[in-house]
Amino acid sequence: MKDIVILAGIAMAAAVVSGVLGVALLHAMRNASASLQATVAVATGTAAVAVGTGLAAKAMFISGHDLDALLIVLVAAGAIGVAIAVWFGHKVASSTGSLVDAARRIAGGEVVRHIGPLNTRELDELAQELENTSVNLESARSREAAMEAARRELVAWVSHDLRTPLAGIRAMSEALEDGVVNDRQTVARYHRALRVEADRLAGLVDDLFELSRIQAGALRLEMECVPLRDLVSDALAGAAGVARAKNVNLEGRMNDDGAELNISLPEMARVVRNLLENAIHHTPSDGTVLIEAGAASDHAFLSVIDSCGGIPESDIERVFEVAFRGEASRTSDDKGGGLGLAISKGIVEAHNGDIAVHNEEEGCRFTVLLPLEQPHATA
Ligand SMILES: Nc1ncnc2c1ncn2[C@@H]1O[C@H](COP(=O)(O)OP(=O)(O)OP(=O)(O)O)[C@@H](O)[C@H]1O
Ligand SMILES: [Mg+2]
């Protein structure tokens, strides 16, 4: 019993001394490679065993020959332990190197989708996080680039579409001021043109203001319960004059009389007005513009169908972009600012709805989907 206590004391003392030395050494080497630190950790354990065994053997008067044999076994086992530690440390070090390399590439703007299996679960998790971060960074970068492009386009648009009419207004007012035009008819024509241009500029500024409120998320919607039928009939009544002047047939078709929407009426009326104005504008005389509206399961739909001959495939994806105008609108003397559909999309999305366009046989169909006020009971 006494022997066992002495042995335990010797082993403990050897382990504590080696352990303290090992920890101190590892602390001093805290910036060294993982491989070296793993080697020191294993060597410390082996040294504790060797010292403990040697001292215990001496205390127990084991023969010199037995002690040598014991030490040889210990050295062999320790060498294997150290070799495995070196090998494992090397693996961790090379995995860490791959992570450092991936992080550098990500910082340099590269998209790193695959860092590879990295020998330990923790490093694999870290690699996965880095890959996700890299992909997220890439989409944030492309979003930022798209916003920057849109901003630049808008600035170009503002400088062109607001400056051109302003130059016209200035030229006409100078001509009136200097008395360059003085016959009554021309003077009246100039005054009329000045008013028309001023109205148009006011409309553009109003659209820009609305758009900036939408983009800033500052659109104030005063929601109320509105029968879908009222929204459609008011819009048809409002557009009847323009359609008649252009000799375009305007028709409405409802598949559900009782559907009700929870909407901000002025904003949603503006959406339908924009769609109708566009449809009438792009439909040749004698053509037809049709509004189809109704309810389907949990949503209401409102489609404006025209006879414009179809929107070119290259344009159809872009019609909801700010300041986008189709080739025909840009090259003709269309006075539109290309803001109507961007505003409409913003308003519809603020109502948790959706707006889309596709071509049909004779023209195109713009469809607005909106949540119904109450779940609609289908008969
Ligand atoms: N019903 C339609 N048929 C054919 N093309 C259309 C139709 N509606 C829109 N477009 C195309 O989409 C473009 C963008 O429409 P949007 O209403 O945003 O601008 P706009 O009508 O040119 O100007 P604004 O509405 O600001 O006065 C138009 O210039 C046109 O090329
Ligand atoms: Mg428009």
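**Domains, ligand shell and surface features**

The domain assignment divides the chain into domain 1 (2–110), domain 2 (144–215) and domain 3 (224–371). The model described here is a predicted one. Between the C-alpha centres of domain 1 and domain 2 there is a separation of 82 Å.

A good place to begin is the ligand. Around ligand 1 there are 19 residues, and those that come nearest are Asn278, Asp306, Gly338, Leu339 and Leu341. Three of these residues offer polar atoms to the ligand. The side chain of Asn278 places an N or O atom 2.8 Å from an oxygen atom of ligand 1. In the case of Asp306, an N or O atom of the side chain lies 2.7 Å from a nitrogen atom of ligand 1. Gly338 takes part through its backbone, with a polar atom there 2.8 Å from an oxygen atom of the ligand. Taken on its own, ligand 1 has 600 Å² of accessible area, and the protein covers 87% of it.

Which elements each supply at least two residues of the shell around ligand 1? They are helix 7 (265–282), helix 10 (340–350) and strand 7 (364–371). Helix 7 gives the largest share, with 3 residues. Sorted by class, the shell is made up of 9 nonpolar, 8 polar and 2 charged residues.

Turning to the surface, a nonpolar patch is formed by Ile80, Ile84, Trp87 and Phe88. Together, these four side chains' residues have about 440 Å² of accessible area. One member of the patch, Ile84, is found in helix 3, which spans residues 64–107.

Charged pairs complete the picture. Side chains of opposite charge can pair when their charged atoms come close. The structure holds 17 salt bridges, and one of them joins Glu125 to Arg121, with 3.8 Å between the closest N and O atoms. Why are Glu125 and Arg121 separated by about one helical turn? Both belong to helix 4 (residues 121–178), and the separation is about one turn because the two residues are 4 apart in that helix.

Note on methods. Residues numbered from 1 in each chain as written. Chains lettered and ligands numbered in written order. Predicted model: local features only at pLDDT ≥ 70, side-chain atom pairs only at ≥ 80, totals over all residues. Heavy atoms only, no water. Patch = residues over 30% accessible without salt bridge, like charges linked within 9 Å, V, L, I, M, F, W, Y side chains within 5 Å. Areas by Shrake-Rupley, 256 points an atom, 1.4 Å probe, with all protein chains shown as cover. Near = heavy atom within 4 Å. Polar contact = N/O pair within 3.5 Å; in protein donor to acceptor, adjacent residues only side chain to side chain. Nonpolar A, V, L, I, M, F, W, Y, C, P; charged D, E, K, R; others polar. Domains from an automatic or database assignment.
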